[in-house]
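Grab a pencil and work through a few exercises on the structure below. Each one has a task and then a solution in steps.

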Amino acid sequence: MASLPQWVAGARPRTLPAAVAPVAVGTGSAHALGHADLGLALLALLVSLSLQIGVNYANDYSDGVRGTDSGTVRVGPVRLVGQRLADPANVKLMAFLWFGVAALCGLTLVALSNAWILLLVGAAAIVAAWRYTGGAHPYGYRGLGEVMVFVFFGLVAVLGTTWTQAKALDLASWAGAVGVGAIACAILVVNNLRDIPGDTTSGKRTLAVRLGDARTRWLYAALLAIPLLTTVIAALVHPWSLLALGAAPLAAFAVQPVRGGALGRDLVPVIGRTGLYQLAYAALLTLGLVL
């Protein structure tokens with residue numbers, strides 16, 4: 001039976017900024033549109049965090065039972081199933097418990113905001129979270145993980161948060177959603193860059209495996225640059241959005257080991273650095289939207 005610290009590690013805390021950032025930016029955008037609601041923002045945050053934790057446990061379960069995480073060349077966070085630390089059924093149950101929390105909070109958010117169209121979007125997000133590595137044909141094994149992360153942890157999370165509060169969107173809303181989504185993709189890209197050897201051996205055809213090591217490193221760098229470009233676009237509507245450019249040094253800090261050729265375990269801290277960049281970008285952009 002896995003210990004509590006192992007269960008916490010299995011939730012992959014380094015990925016949680018990807019759940020916090022879109023809600024912050026979406027709420028800042030709603031404030032800029034004149035209709036921020038902190039209560040609805042809190043519900044959106046619970047939805048986002050629950051989905052992120054749920055998908056992390058779901059990936060642990062699905063990769064584990066497929067044998068993807070059992071290779072000796074794999075590095076990175078604790079794998080509850082792959083390392084035989086927990087019963088696969090319990091990990092699957094944990095994933096669906098968190099999906100249930102996300103569904104309950106999402107239903108409450110939709111009801112309170114009267115944004116019923118988002119009910120279908122939320123259901124699609126849960127299905128996408130499970131089918132990333134689960135089901136008969138997981139899209140994460142076909143190099144489509146980054147697309148879904150961009151859509152659901154970028155566009156949907158930011159724009160959905162704004163819509164539930166303001167019932168409106170503007171250019172800055174879209175720019176912020178693209179920026180947040182790009183960094184969320186970068187977290188997945190560097191994670192998959194680290195896992196190229198093991199994924200290649202196990203037959204998991206992630207985008208990193210398909211692109212190869214060198215091009216994946218360039219993709220990571222490009223994804224970190226996109227939010228700086230979208231910040232300029234957001235500033236066309238809300239000039240104070242330029243504060244988000246202050247996160248640029250953290251982008252440079254994150255990309256340095258990737259462009260320097262770091263491999264395996266040396267890439268693990270980059271996930272944390274990328275999450276720090278995302279939090280700083282989101283905080284500064286949110287501040288700029290509020291001012």
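**Exercise 1. Count the charged side chains and say how far apart the centres of the positive and negative sets lie.**

Keep in mind that this is a predicted model. Start with the counts: the protein carries 19 positive and 11 negative side chains. Then take the centre of each set; the two centres are 5 Å apart.

**Exercise 2. Describe the secondary structure of the protein and the order of its elements.**

Step one is the tally: 12 helices and 0 strands. Step two is the order, which from the N terminus reads α-α-α-α-α-α-α-α-α-α-α-α.

**Exercise 3. Work out whether the radius of gyration agrees with that of a compact globule, then look at extent, surface and contacts.**

Begin with the expectation: for 291 residues, a compact globule would have a radius of gyration near 19 Å. The protein comes out at 18 Å, so the two agree. Next, lay the C-alpha trace along its principal axes, and you get a span of about 55 × 45 × 30 Å.

Now the surface. About 12300 Å² is exposed, and 71% of that comes from carbon and sulfur atoms. As for burial, 52% of the 291 residues are buried.

Finally, the contacts. Take those with a separation of 6 or more: 77% of them join residues 24 or more positions apart.

**Exercise 4. Find the residues that touch the most other members of the largest nonpolar core, and the helix that gives the core its largest share.**

First, the core itself has 73 residues. Within it, Tyr-57, Val-91, Tyr-220, Leu-224 and Tyr-281 touch the most other members. Then sort the members by element: helix α7 (residues 171–194) gives the largest share, with 14 residues. For background, nonpolar side chains in soluble globular proteins tend to be buried together.

Let's zoom in on a couple of these. Beyond its neighbours within four places in sequence, Val-91 is in contact with Trp-7, Tyr-57, Asp-60, Tyr-61, Leu-80, Val-81 and Ala-86. Notice that Tyr-57, on that contact list, is also one of the top core residues.

Tyr-281 belongs to helix α12 (residues 268–290). Its relative accessible area is 0%, so it counts as buried. Skipping residues up to four places away, its contacts include Ala-175, Gly-176, Gly-179, Val-180 and Ile-183. Pro-227, Thr-230, Thr-231, Ala-244 and Ala-247 are also touched by Tyr-281. You can check one spacing too: the C-alpha atoms of Tyr-281 and Ala-248 sit 8.3 Å apart, with their positions 33 residues apart in sequence.

**Exercise 5. Decide whether Cys-185 is buried or exposed, and list its contacts.**

Locate it first: Cys-185 is in helix α7. Its relative accessibility is 5%, and the limit for buried is under 20%, so Cys-185 counts as buried. Leaving out residues up to four places away in sequence, Cys-185 touches Glu-146, Val-149, Phe-150 and Leu-223. From Cys-185 to Phe-153, 32 residues away in sequence, the C-alpha distance is 8.7 Å.

**Exercise 6. Place Gly-10 in the fold and find what it touches.**

Gly-10 falls in helix α1 (residues 4–10). With 0% relative accessibility, Gly-10 is buried. Setting aside residues up to four places away, Gly-10 touches Asn-56, Tyr-57, Val-78 and Leu-80. Tyr-57 and Leu-80 turn up among the contacts of Val-91 as well.

**Exercise 7. Look at Arg-12 and Asn-114: what sign does phi have, and is each residue buried or exposed?**

Take the angles first. Arg-12 is not a glycine, yet its phi is positive, about 55°. Asn-114, another residue other than glycine, has a positive phi near 60°.

Next, the surroundings. Arg-12 lies in the loop between α1 and α2 (17–32), while Asn-114 is in the loop between α4 (88–113) and α5 (117–131).

Last, accessibility. Arg-12 has a relative accessible area of 14%, which means buried. Asn-114 is at 54%, which means exposed.

**Exercise 8. Say where His-137 sits and which residues it contacts.**

His-137 is in the loop between α5 and α6 (145–166). At 55% relative accessibility, His-137 counts as exposed. Apart from neighbours within four places in sequence, His-137 is in contact with Arg-131 and Arg-142.

Conventions. Residues numbered from 1 in each chain as written. Predicted model: local features only at pLDDT ≥ 70, side-chain atom pairs only at ≥ 80, totals over all residues. Heavy atoms only, no water. Helix = DSSP H or I, 4+ residues; strand = E, 2+ residues; numbered from the N terminus. Buried < 20%, exposed > 50% of the residue type's maximum accessible area, 1.4 Å probe, protein only. Contact = heavy atoms within 4.5 Å. Rg over C-alpha atoms; globule rule 2.2 N^0.38 Å. Areas by Shrake-Rupley, 256 points an atom, 1.4 Å probe, with all protein chains shown as cover. Lys, Arg positive; Asp, Glu negative; His and termini not counted. Charge placed at Lys NZ, Arg CZ, Asp CG, Glu CD. Core = buried A, V, L, I, M, F, W, Y, C linked by side-chain atoms within 4.5 Å.
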